[in-house]
Amino acid sequence: MHTALYVRVLRANWLLIALFALLGGVVLGVLACQKEPVYRSEASLLVEYTPEVADASKETRLLMQRRVKTYNRMVTSTRITEPVVKSLRLPYSPAELAERVTASSPVDTYAINITVTASTPRGATDIADAIAAELAKVAAREKSVPALPVSTEVTVTKAPSVPDAPEPSLWWLKAGAGALAGAAFGLVLGILRQGMFPA
């Protein structure tokens, strides 16, 4: 029943649906092309402990992993983003900077990978550098505890490089999504025009 309804609507309103699909695709495609370029820069960090605890107990290793996860979450916190915004005199707030930064830590490792996006290639690289430096300062101030009697250091294993080109806009995907949304809207209008609704 519903299939027959949609077939009748499509036959009677195919031009309307096609026009809205075209309009949606063009609008979103143009907006995607006009969006400011986005540059991506990445850095890899390593959390190191001194002295080395190769024969550490399970509890100690859990504490070490927990500290790495804490640093990983800290990358997008105001404790890191606020001083970075101030030092680089960025034109946005610490919260807005956090939206441009992602951090990840592979399971069972002491590595932290940072990705930064910005409107300029140098801006992305400078922010990634500043975040790594700020996190290193935090680690240097970390005090040892009886359960983990070590000093902590964050070192850069892969320095961020200046990207050669912006991220691809993928405008065709946005245009396709706009076309689908436009076609759906046109279909709804067609159903309304026909005065028919699925039961």
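Helices (H or I, at least four residues) and strands (E, at least two) are DSSP runs, numbered from the N terminus. With that in hand, start with the whole protein: its elements run α-β-α-α-α-β-β-α-β-α from the N terminus on, and that gives 6 helices and 4 strands.

Before you click further, note that this is a predicted model, where local features need pLDDT of at least 70, side-chain atom pairs count only at pLDDT 80 or more, and totals for chains, interfaces and linings use all residues. Residues are numbered from 1 along each chain as its sequence is written, and side-chain values use heavy atoms, with hydrogens and water left out.

Now switch on the surface. The protein exposes about 12200 Å², 61% of it supplied by carbon and sulfur atoms (Shrake-Rupley method, 1.4 Å probe; for residues, only the protein chains shown count as cover).

Next, select helix H3, residues 78-88. Its buried residues are Ile-80, Thr-81, Val-84 and Val-85 (buried means under 20% relative accessible area, exposed over 50%, partly exposed in between, with a 1.4 Å probe and protein chains only). They sit on the same side of H3, because they cover an arc of only 120 degrees around the axis, taken from the directions from the helix axis to the C-beta atoms.

What lies over that side? Add helix H2 (58-74), helix H4 (94-98) and helix H5 (121-140), which are among what covers the buried residues of H3; contact here means heavy atoms within 4.5 Å.

Swing round to the other side of H3 and pick Thr-78, Lys-86 and Ser-87, which are exposed.

Last stop: Arg-89, which follows H3 and has a positive phi, near 55 degrees.
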